[in-house]
Amino acid sequence: MKNPSLYVRHNARTLLALVLLAGLLVAFLIIHPRGVSPSVLTAWSNQGVALALVAIGQTIVVLTSGIDISIGAIMALSNCVASELVQGDPTQVALGVVAVLLVGTVCGMANGLIIVYARIQPIVATLATGTIYTGVALLVRPTPGGDVSGALSDAMTGTLGDLIPTSLVALAVAVILVWEPLRRSLTGRTLFALGSAEQAAYMSGLSVDKAKVVAYAAAGLFAAMAGLFLGFQTASGDAAVGLPYTLNSVAAVVLGGTALSGGVASVIGTIAGAFMLRTIGSLMFFTGVPPLAQPLFEGLVLICAVALGSFRLLRIRNRLEIFK
């Protein structure tokens, strides 16, 4: 951009999130017993990528002034399906990966169709579908277990050239192949318009309903990627694994500078927010915070993050705008 000050003003929230993440990462590397090394950075990257993927999906939905309470359940269902299908010879593994991504996308699309055509508020619709997806996940994997291709797991959680974490490369590829084409399309521009002024977008002839369905389908796709990556990390499936990811995804979205009221979003900021949350957890571990007290501090961070995102809602005079 020709005007640096204008660039900084337009991306202030994202830049602030990146600065905070850099500060937390430096503090983490200083206190880590092994210091700066590829293995430490790889472990740090692997811990944050699953949440980052879920949070990107949540960002796309929040951009339309919606919310997806079922995104953690979709992630868990995808994780369970991966533990059943992503194994065997290379062809079977490839088909299993495609099946996992399709499951997440279909779940997200179902959310969008229910919200658009049944005229149900997103928080209510996704709360109900989340319960259904959790039930299906329990049918697929009643108890934690299963197996995921060891070769693919090692490749996705290792390093490239003994230096760059593969998980970070995979995260970048997912953003470039899915989010960037969507953001640059007419549907992507409609997503931004939806969050800013839905009625104006509709009056302008934009396909509002289609954009909403695409937003939830994309969220389901990213949740499936997160469930798949979690399968690479644990080499197993667990129907209960997605529960904490729903609230954490909202917190990461807010920390990254996305407005809960919609219309403003930054995927880069969301990724920074997700890694900030994971780094805070690691800092508490290495600074000797008692394990029983860690959920208390994590809860306080989450409440502060969500409260920050609610400031704009408090300034809205017409309360009906909150429920648009």
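Contact means heavy atoms within 4.5 Å. In this predicted model, S282 is in contact with F28 and Q47, leaving aside its neighbours within four places in sequence. The briefing below covers salt bridges, one helix pair, the cysteines and three buried polar residues. The count of salt bridges comes to three, while a search of the whole structure finds zero disulfides.

**Salt bridge between distant parts of the chain**

- E84 forms a salt bridge with R141, and the closest N and O atoms of the pair are 2.9 Å apart.
- This pair links distant parts of the chain, its two residues being 57 residues apart.
- E84 belongs to helix α4 (residues 71-85), whereas R141 is placed in the loop between α6 (122-140) and α7 (150-157).
- E84 has a relative accessible area of 40% and is partly exposed.
- R141, by contrast, counts as buried because its relative accessibility is 13%, and buried means under 20%.

**Salt-bridge network in helix α8**

- A salt bridge joins the side chains of R183 and E180, at 2.8 Å from N to O.
- Both R183 and E180 lie in helix α8 (residues 166-184), where three residues, about one turn of the helix, set them apart.
- E180 also meets R184 in a salt bridge, with an N to O distance of 3.4 Å.
- E180 and R184 are separated by about one helical turn, because they are four residues apart in helix α8.
- Through salt bridges that share partners, E180, R183 and R184 are joined into one network.
- Within this network, E180 is partly exposed, with a relative accessible area of 22%.
- R183 is likewise partly exposed, with a value of 31%.
- R184 counts as exposed, because its relative accessibility is 56% and exposed means over 50%.

**Packing of helices α5 and α6**

- Two packed helices are described by the angle between their axes and the distance between the axes.
- For helix α5 (residues 90-117) and α6, the axes come within 10 Å and cross at roughly 145°.
- The crossing in which α5 passes α6 is right-handed.
- On the α5 side, the contact is made by C107, A110, N111, I114 and I115.
- On the α6 side, the contact is made by P122, A125, T126, T129 and Y133.
- The residues of this contact comprise seven nonpolar, three polar and no charged ones.

**Cysteines**

- A disulfide is a covalent bond between the sulfur atoms of two cysteines.
- The search of the whole structure finds zero disulfides.
- C80 is in no disulfide, and the nearest cysteine sulfur, that of C107, is 12 Å away.
- Seen from C107, the closest cysteine sulfur is in C80, and the 12 Å between them is too far for a bond, because a disulfide requires the sulfur atoms to be within 2.5 Å.
- C80 counts as buried, with a relative accessibility of 0%.
- C107, which takes part in the contact of α5 with α6, also counts as buried, at 9% relative accessibility.

**Buried polar residues and their contacts**

- N248 is found in helix α12 (residues 243-255).
- The relative accessible area of N248 is 13%, and N248 is therefore buried.
- Apart from neighbours within four places in sequence, N248 is in contact with L51, L277, R278 and L302.
- S282, whose contacts opened this briefing, lies in helix α13 (residues 267-286).
- S282 counts as buried because its relative accessibility is 9%.
- T64 is located in the loop between α3 (38-63) and α4.
- At 4% relative accessibility, T64 counts as buried.
- Not counting residues up to four places away in sequence, T64 touches L191, L194, G195 and A215.
- One of these partners, A215, is 151 residues from T64 in sequence, yet the two are 7.8 Å apart in space, C-alpha to C-alpha.

Key
Residues numbered from 1 in each chain as written. Predicted model: local features only at pLDDT ≥ 70, side-chain atom pairs only at ≥ 80, totals over all residues. Heavy atoms only, no water. Salt bridge = Lys/Arg side-chain N within 4 Å of Asp/Glu carboxyl O. Buried < 20%, exposed > 50% of the residue type's maximum accessible area, 1.4 Å probe, protein only. Axes fitted to C-alpha atoms, helices over the stretch in contact; angles between N-to-C directions. Left-handed = near helix turned anticlockwise from the far one by under 90°. Nonpolar A, V, L, I, M, F, W, Y, C, P; charged D, E, K, R; others polar.
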